[in-house]
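Got the structure open in your viewer? Keep the sequence panel beside it, and let's walk through it one selection at a time.

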Amino acid sequence: MAKAPIQGLHHVTSMASDPDETVRFLRDVLSLRLVKQTVNFDDVTTYHLYFGNETGEPGTALTIFPFGEGQSGTVGAGQVETTAFHVPTGSLDYWADRLDSHDVDRDEVTDRFGGQVLGFRDGDGLRYELVASDASSVEPWAGSDVPTEHAICGFHSVTLALVDTAETAGLLQFMGYEQTAEEGAYTRFETEGDRATIVDLHETSDRGQPGLGTVHHVAFRVPDDDGQFAWREALSEEGYGVTEQKDRQYFRSIYFRERGGILFEFATDGPGFTADESVDELGETLKLPEWLEGDRERIESSLPELTATPAEVR
C-alpha cells in the first residue's frame with residue numbers, strides 16, 4: 001500500500017493547569033471556538049478540550065489537557081517549542097494591542113524567514129506565535145469577536161526544539177517535507193497542502209522537561225484509515241515503535257516518538273467534531289464516547305465544574 005506525503009498539521013495537544021483559564025484565554029483572548037468538551041480517554045478525571053475554527057477542521061485544532069495542580073514543565077529540546085497561528089498580513093498591530101489589553105506576556109514583533117512574527121505566552125507558560133502572511137484557505141470562526149481581517153485562520157507552523165536536528169530532518173523528508181530555508185539555528189521544512197504546512201526545527205542545547213506549560217504531542221494529517229495503515233507499516237520498517245490504531249472518537253490515531261524525543265501522532269481527517277454534535281451546538285456540553293457513557297455519572301463527579309461556558313460571553 002503506497003503512502004501519500006503528509007499534508008500538514010492536524011492538531012497540537014498541550015498540558016495546562018486550570019480548565020476555566022484555558023477556555024478564557026483561548027476563546028476570549030485568541031477568539032478560538034471551543035468545539036469539543038470531552039475527557040482524556042487515558043485519564044477520564046481530566047478534561048480534553050478542543051479549540052479551532054467553526055468546526056475545528058484539521059489544521060486548526062488546538063487541544064488541551066488541563067490537569068489542574070501539577071508540576072510545571074520547562075520548554076526545551078525534545079519538545080514542541082512553539083505553536084504558531086496564521087493571521088492575515090497587516091494584523092499584528094491589532095493583536096499586539098489586544099494582547100496588551102488582556103495583560104498577556106508578549107514579545108515585540110520580529111522578523112523570521114522573511115515574515116513578521118509576534119510571540120506570546122499564556123498563564124502556564126505555553127509558547128505561541130502569530131505569523132502574518134498571505135491569506136489562508138481556512139475560514140475563521142464566524143462567532144469570533146475579532147474582525148475577519150485580523151482573525152486567526154488555523155495553524156501556521158510548529159517549531160520543534162532539538163539537540164541535534166539531523167534525525168528529525170530526515171524523518172520530515174521521509175514524510176514528504178522539503179527543506180526550504182535556514183536562518184541561524186532554525187531550519188524550515190514545508191510540505192504540499194492547503195494549510196498548516198510548515199515545520200521549523202530549532203537546534204538548542206537547552207533541555208526540556210515535560211509538565212504543565214509544555215506541548216504533549218503534535219499530530220500530522222493523513223486522509224483516512226488506509227493512508228494511516230500505510231504510514232504505520234512504513235514507519236515500522238524504518239525502526240520506529242508505532243502504536244496500534246487508537247479510536248479518538250473524532251479521528252483515529254497512531255503514535256510514535258521521533259528520535260529527537262518528540263511524540264508524533266498521525267491522525268485521520270475524519271469523522272470530525274460533528275460526529276456527535278451539530279455545528280451550532282459544538283462545545284456546549286460534555287461528550288463521551290459510547291464505551292464511557294455507562295460511567296458518565298462517576299466521570300462528571302470527578303471533573304471540576306467548567307464555568308467558563310460558551311454562553312458566558314456569546
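Select Ala196 first: Ala196 is buried, with a relative accessible area of 5% (buried means under 20% relative accessible area, exposed over 50%, partly exposed in between, with a 1.4 Å probe and protein chains only). You'll find Ala196 in the loop between strand 12 and strand 13 (helices, H or I, of at least four residues and strands, E, of at least two are DSSP runs, numbered from the N terminus). Check the backbone there: phi of Ala196 is near 50°, a positive value in a residue other than glycine.

A word on what you're looking at. This is a predicted model, where local features need pLDDT of at least 70 and side-chain atom pairs count only at pLDDT 80 or more, while totals for chains, interfaces and linings use all residues. Residues are numbered from 1 along each chain as its sequence is written, and side-chain values use heavy atoms, with hydrogens and water left out.

Now jump to Ser31, in the loop between helix 1 and strand 2. Its phi is also positive, near 60°, and Ser31 is not a glycine. Is Ser31 buried or exposed? It counts as buried, at 5% relative accessibility.

**The sheet**

Next, colour the strands. Eight of them form an open sheet in the order 2-3-4-1-14-17-16-15, with mixed pairing (two strands pair if DSSP finds at least two bridges between them). Strand 2 (33-40) and strand 15 (246-247) stand at the edges with a single partner strand each, so one side of each has no neighbour in the sheet. Strand 2 and strand 3 run antiparallel, joined by seven bridges. To see one pair across that seam, select Val39, which stands opposite Tyr47 in strand 3.

Bring up helix 1 (residues 19-29) too: it packs on the sheet and touches strand 1 (9-16), strand 2, strand 3 and strand 4 (contact means heavy atoms within 4.5 Å). The direction of helix 1 makes about 5° with that of strand 3; axes here are lines fitted to C-alpha atoms, for helices over the stretch in contact, and angles run from 0 to 180 degrees between N-to-C directions.

Move along to strand 4. How many of its six residues are buried? Six of the six are. Both faces are covered, with Ala61, Thr63 and Phe65 on one side and Leu62, Ile64 and Pro66 on the other. Strand 4 runs parallel to strand 1, with six bridges, and antiparallel to strand 3, with three. Two residues make handy markers: Phe65 is the bridge partner of Met15, and Ile64 that of Leu49.

**A loop with polar contacts**

Select Asn53, in the loop between strand 3 (43-52) and strand 4 (61-66). Asn53 counts as buried, at 4% relative accessibility. A polar atom of its side chain lies 3.0 Å from the backbone nitrogen of Gly56, and a polar contact of 3.3 Å joins the side chains of Asn53 and Thr60. (A polar contact is a pair of N or O atoms within 3.5 Å; within protein, one must be able to donate a hydrogen and the other to accept it, and residues adjacent in sequence count only if both atoms are side-chain atoms.) Leaving aside neighbours within four places in sequence, Asn53 is in contact with residues including Arg33, Val35 and Trp141.

**Helix 4 and its surroundings**

Zoom to helix 4 (residues 225-237). At its N-terminal end, Asp224 acts as a cap, with a side-chain oxygen 3.4 Å from the backbone nitrogen of Asp226. Which residues of helix 4 are buried? They are Gly227, Gln228, Ala230, Trp231, Ala234 and Leu235. Look down the axis: the buried residues fall within an arc of 160°, so they line one face of helix 4 (the arc is that of the directions from the helix axis to the C-beta atoms). Helix 3 (166-174) and strand 14 (214-222) are among the elements covering them. Just past helix 4, Gly239 has a positive phi of about 95°.

**Last stops**

For an exposed residue, pick Asp134, with a relative accessible area of 65%. Asp134 sits in the loop between strand 9 (127-133) and strand 10 (155-162). Finish at Pro271, in the loop between strand 17 and helix 5 (290-293): the peptide bond from Gly270 to Pro271 is cis, with omega near 10°.
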